[in-house]
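Hi,

Here is the structure I promised to pass on. Have a look at it first, and then read on for what I found in it.

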Amino acid sequence: MGFKSFVTLLTLLGLVSAHFQIEYPYWRGDSFAAGRSQWTFPCAGVNETTDIKNRTQWPTTGGSIRLHVSHPWALTYVNLGIGTNVSSFNISLVTQFNQTGNGTFCLKETGKAALAAGLAKSGLDAKSLDGKQASLQIIQIASTGASLFNCADITFNATAALLPDNECSNSTGVSGVGIVNAGSQTIGGSPNATTSAGATKSSGAAAVLKPAGLLAAVVGVAVGMM
Ligand SMILES: [Cu+2]
């Protein structure tokens, strides 16, 4: 077959994938560029932002994250590492969820509960994060099971704003779906069938903003060490 029809076939099979992009906070750099790969742990082979002025100022109570996504569904993780030259993104800001649909996906106030719980456990509050540099790592695992990575570098800022609603809304058909125990529902043949069979569908971003369990405690430890 000709090259063109070969490309068409690959596209139909979903083998030519656009992966995903962090639109906000600004990602480290273009992970689609030559020499980089979103399959590369931990940050797609993109180096940390060196100029502190280029890090996004992000609220100490959790800020907005906007992604451009391209897979029908992807298990999604939002992790945080506090400090610079982060090698361990050991703070889970949200409970992992199934991000469905493609287009724009936005979490307005990401990790608020996890950050608050983690700081409180160590007797700290949001003020202790003010001015701290950190990095966000977002992982998507799509149908093949391969993990895709992208990172964004931030500086926590107590006066930074969330994205306004008109810059943080999901495209039609895009949402986050909570992951439920397989035994508690009928498993269908597709993610959509699984969803309609009983997973909790979020009407907006809020449903996936639950505290991330024990890992939340790591926030306070990480801040305390700085
Ligand atoms: Cu892809």
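Before anything else, a word on contacts: when I say that two residues touch, I mean that they have heavy atoms within 4.5 Å of each other. Please also keep in mind that this is a predicted model.

With that in hand, try Phe156. Which residues does Phe156 touch, leaving aside those up to four places away in sequence? The list is Trp58, Pro59, Thr60, Leu80, Leu115, Leu129, Asp130, Gly131, Lys132 and Ala134. Phe156 also turns up in the largest nonpolar core, which has 32 residues. Together with Trp58, Leu67, Leu80 and Leu93, Phe156 is among the residues that touch the most other members of that core. Two or more core residues come from each of S1, S3 (65-69), S4 (73-82), S7, helix H2 (112-121), S8 (133-141) and S9. And which element gives the largest share? That would be S9, with four residues. As background, nonpolar side chains tend to be buried together in soluble globular proteins.

Now the overall picture. The protein has four helices and 10 strands, and from the N terminus on the order of elements is α-β-β-β-β-β-β-β-α-β-β-β-α-α. Of its 226 residues, 43% are buried. If you take the contacts with a separation of 6 or more, 74% of them are between residues 24 or more positions apart. The accessible surface is about 11,100 Å², and carbon and sulfur atoms account for 57% of that.

S9 deserves a closer look. The strand covers residues 147-157, and 10 of its 11 residues are buried. On the pairing side, S9 runs parallel to S2 over four bridges, with Thr56 matched to Ile154 in S9. S9 also pairs with S8, this time in the antiparallel sense and over nine bridges; there, Ile139 stands opposite Phe149. The hairpin of S8 and S9 has five residues between the strands, and Gly145 takes a positive phi near 90° in it.

Next, the cysteines. How many disulfides does the structure hold? There are two.

One of them joins Cys43 and Cys151, with the sulfur atoms 1.9 Å apart. The torsion about this S-S bond is about -75°, so the disulfide is left-handed. The bond links distant parts of the chain: Cys43 sits in the loop between S1 (20-24) and S2 (56-59), while Cys151 belongs to S9, 108 residues apart. Are these two cysteines buried or exposed? Buried is anything under 20% relative accessible area. Cys43 comes out at 5%, so Cys43 is buried, and Cys151, at 3%, counts as buried as well.

The other disulfide is between Cys106 and Cys168, whose sulfur atoms are also 1.9 Å apart. This link is left-handed too, with -100° about the S-S bond. Cys106 is in S7 (residues 103-107) and Cys168 is in the loop between S9 and S10 (175-178), so the pair ties together parts that are 62 residues apart in sequence. Both Cys106 and Cys168 are buried. If you number the bonded cysteines in sequence order, the pairing reads 1-3, 2-4.

One more residue to click on is Gly29, in the loop between S1 and S2. With a relative accessible area of 17%, Gly29 is buried. Leaving out residues up to four places away in sequence, Gly29 touches Arg36 and Val46. The C-alpha atom of Gly29 is 9.0 Å from that of Asn150, although the two are 121 residues apart along the chain.

Finally, a caution about confidence. The average pLDDT is 83, and 74% of the residues score at least 70. Over residues 187-216, however, pLDDT stays under 50; the model has 54 contacts beyond four places in sequence for that stretch. Where pLDDT is low, the predicted coordinates should not be read in detail.

Best wishes

Methods: Residues numbered from 1 in each chain as written. Predicted model: local features only at pLDDT ≥ 70, side-chain atom pairs only at ≥ 80, totals over all residues. Heavy atoms only, no water. Disulfide = S-S within 2.5 Å. Buried < 20%, exposed > 50% of the residue type's maximum accessible area, 1.4 Å probe, protein only. Areas by Shrake-Rupley, 256 points an atom, 1.4 Å probe, with all protein chains shown as cover. Core = buried A, V, L, I, M, F, W, Y, C linked by side-chain atoms within 4.5 Å. pLDDT = per-residue confidence, 0-100. Pairing = 2+ DSSP bridges.
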